[in-house]
Amino acid sequence: MTGANPGRRFITRLDGVIIAALIACSFAGSLVYGFGAGRGKIPDRLTIRFADGNRRTYEIRKGQVQDIPIVGRCGPMIIEFDRDGRIRIAASACPSQNCVRTGWVRSSECIVCVPNGVIVNENVPDEAAPDGITR
Amino acid sequence: MKPSLAATLTALLAALFFVGCTAVLKVREPQNGPVRQVELMMDTIVSITAYGDPKTAGNAVEAAFEVMRSFEGMASFFKPESELARWNAERTITPTASFVRLLQAATEGFHRTDGVFDPSFAILAKAWGFYDQQGRIPPNDEIASCLSMTGWDRQILPADGTRGPWGGAITLATGSLVDLGGVAGGVAIEAAAEAMRRCGCTAFIIDEGGDLWMEGSKPDRTPWRVSVKDPRGNGSLALIETRTPLAVSTSGDYERFVQVDGKRYNHIFQMKTGRPAEAFRSVTVAAASPVECDILSTSLFAMEPEVSREYAAKNNIAAMMIPASGPAWISPAGAALFRMVNQ
């Protein structure tokens, strides 16, 4: 046992504090960057682009049902946001009603009414969605 | 002086913490885009997504939209200043090189499908009230009269009376009308993809109202994933995954139609009867070219189910057909590509 100092502790109290702090920091890092990654987040805002190229942004009240009335080329529309963070075009004055038939989509997905010239979420990346939908 | 075991452990943990955080940050780094742009054009929604260096991707997307806009300006049925609208109105034009590209694609489609694909259907669409959205069922004699003004090979004539290539002026036969909607999207996608490649973009997807073209490899190396829409629901009926360049196109009865007395009539015509095709809810085709895909999905939709299935099988076409009644059918060439998810 040459070189050993029987009076010296293997880990001091200060070492223990430092190690515990580092472990806590590691977990905090994982929580912030790791576990949250890939989860579908409900955005804070909804951007709607109109036929004339103008964009309007609407605040989303999370956990609440919310109706956003807008006016497109053909007339009024209602964008509905539900408690689960989904959106749909609930009503539209367009002739085809394709946008209404699309139904609920995730709040990060793009939803469109061509006759009304309205695009909701034109540039929000949605990692869970397929690259394209053929229809 | 030797470091204590505690100090060594501390250094190790610190190193692990640093490496772990760097790795996580790297995964989340948005350095490879994508750049995505959405526009309402060609009577539908067009979106283009490009990966890679953001500046290159941005320039490529811009160039692609420029090309798509030029095709919209050229092939629009409704815009009076478009080359097509002028042709329909003035009867004789000297086509530009890009317009010739559309005409050639239409001609190839017509011959390849023995006339099932025929852009001279427009006179029928007009009679059925598709263009003014005032749907009506024309009487049989009116349908017969319209049919006499169809036939791509009979209605388009060189203005000088010769039967040469598309080099000179062309005349549209009296009474007939042309709608290039069945081919313009595919040609525009093809030209837009060429423009993106010229800009140096190597991974992108172009979506023209659900007609898709994808090529290259995404930064995360995952395959391109395409969902085939359920024609009677909001969900997905099938999935396609591909790492190779692929075009996917669907013709359906649910997006473009007119309603007469509560009954829907879709926009794809059977050129033998002069009536809208009713045998399918949707037909999806995957192919190596957007033009081919566009033409084949429309043509298979317009054929009778047995003929359509036989044509797809015989010509090695990857197709998924959803008939008006009965189960979905996937062609032998499509079996490895389409994965049903909703049945």
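**Exercise 1. Find the bridge partners.**
Working in this predicted model, find which residue of β9(B) is the bridge partner of B:Arg225, then find the partners of B:Ser227.

*Solution.*
Step 1. Start with B:Arg225: in β9(B), the residue bridged to B:Arg225 is B:Glu241.
Step 2. Now go to B:Ser227, whose bridge partner in β9(B) is B:Leu239.
Step 3. Look across to chain A as well: A:Ile133 has B:Ser227 as its bridge partner in β8(B).

**Exercise 2. Build the sheet around β8(B).**
Work out how β8(B) pairs with β9(B) and with strand β9 of chain A, and then give the strand order of the sheet.

*Solution.*
Step 1. Take the pair within chain B: six bridges link β8(B) to strand β9 (residues 236–242), and the pairing is antiparallel. These two strands make a hairpin, with six residues between them.
Step 2. Take the pair between the chains: strand β9 (residues 132–134) of chain A runs parallel to β8(B), and three bridges join them.
Step 3. Put the strands in order. The sheet is open, has four strands and reads β9(A)-β8(B)-β9(B)-β18(B), with mixed pairing.
Step 4. Look at the edges: β9 of chain A and β18 (338–340) of chain B each have a single partner strand, so each has one side without a neighbour in the sheet. From one strand to the next, the twist averages 30°.

**Exercise 3. Judge whether a strand is enclosed.**
Decide whether strand β8 of chain B is largely enclosed or not, using its count of buried residues.

*Solution.*
Step 1. Apply the cut-off: a residue is buried when its relative accessible area is under 20%.
Step 2. Count along residues 224–229: five of the six residues are buried.
Step 3. Conclude that β8 of chain B is largely enclosed by the rest of the structure, because five of its six residues are buried.

**Exercise 4. Place one threonine.**
Say where B:Thr202 lies, whether B:Thr202 counts as buried or exposed, and what B:Thr202 touches.

*Solution.*
Step 1. Find B:Thr202 in the loop between α8 (181–198) and β6 (203–208) of chain B.
Step 2. Compare its relative accessibility of 61% with the cut-off: exposed means over 50%, so B:Thr202 counts as exposed.
Step 3. List its contacts, leaving aside neighbours within four places in sequence: they are B:Glu215, B:Gly216 and B:Ser217.
Step 4. Try a distance too. B:Gly135 is 67 residues from B:Thr202 in sequence, and their C-alpha atoms are 44 Å apart in space.

**Exercise 5. Describe a helix crossing.**
Classify the crossing of helices α4 and α9 of chain B by angle and by hand.

*Solution.*
Step 1. Read the geometry: the axes of α4 (residues 97–112) and α9 (residues 290–302) of chain B come within 10 Å and cross at roughly 45°.
Step 2. This angle makes α4(B) oblique to α9(B).
Step 3. Add the hand: the crossing is right-handed.
Step 4. Name the residues in contact: α4(B) contributes B:Ala105, B:Gly109 and B:Arg112, while α9(B) contributes B:Val291, B:Glu292, B:Ile295 and B:Leu296.

**Exercise 6. Check the confidence.**
Find the average pLDDT of chain A and chain B, and a stretch in each chain where pLDDT stays under 50.

*Solution.*
Step 1. Chain A averages 74, with 67% of residues scoring at least 70.
Step 2. Chain B averages 89, with 88% of residues scoring at least 70.
Step 3. In chain A, pLDDT stays under 50 over residues 29–39; in chain B, this holds for residues 18–30.

Conventions
Residues numbered from 1 in each chain as written. Chains lettered and ligands numbered in written order. Predicted model: local features only at pLDDT ≥ 70, side-chain atom pairs only at ≥ 80, totals over all residues. Heavy atoms only, no water. Buried < 20%, exposed > 50% of the residue type's maximum accessible area, 1.4 Å probe, protein only. Contact = heavy atoms within 4.5 Å. Pairing = 2+ DSSP bridges. Axes fitted to C-alpha atoms, helices over the stretch in contact; angles between N-to-C directions. pLDDT = per-residue confidence, 0-100. Parallel < 35°, antiparallel > 145°, perpendicular 65-115°, else oblique. Left-handed = near helix turned anticlockwise from the far one by under 90°.
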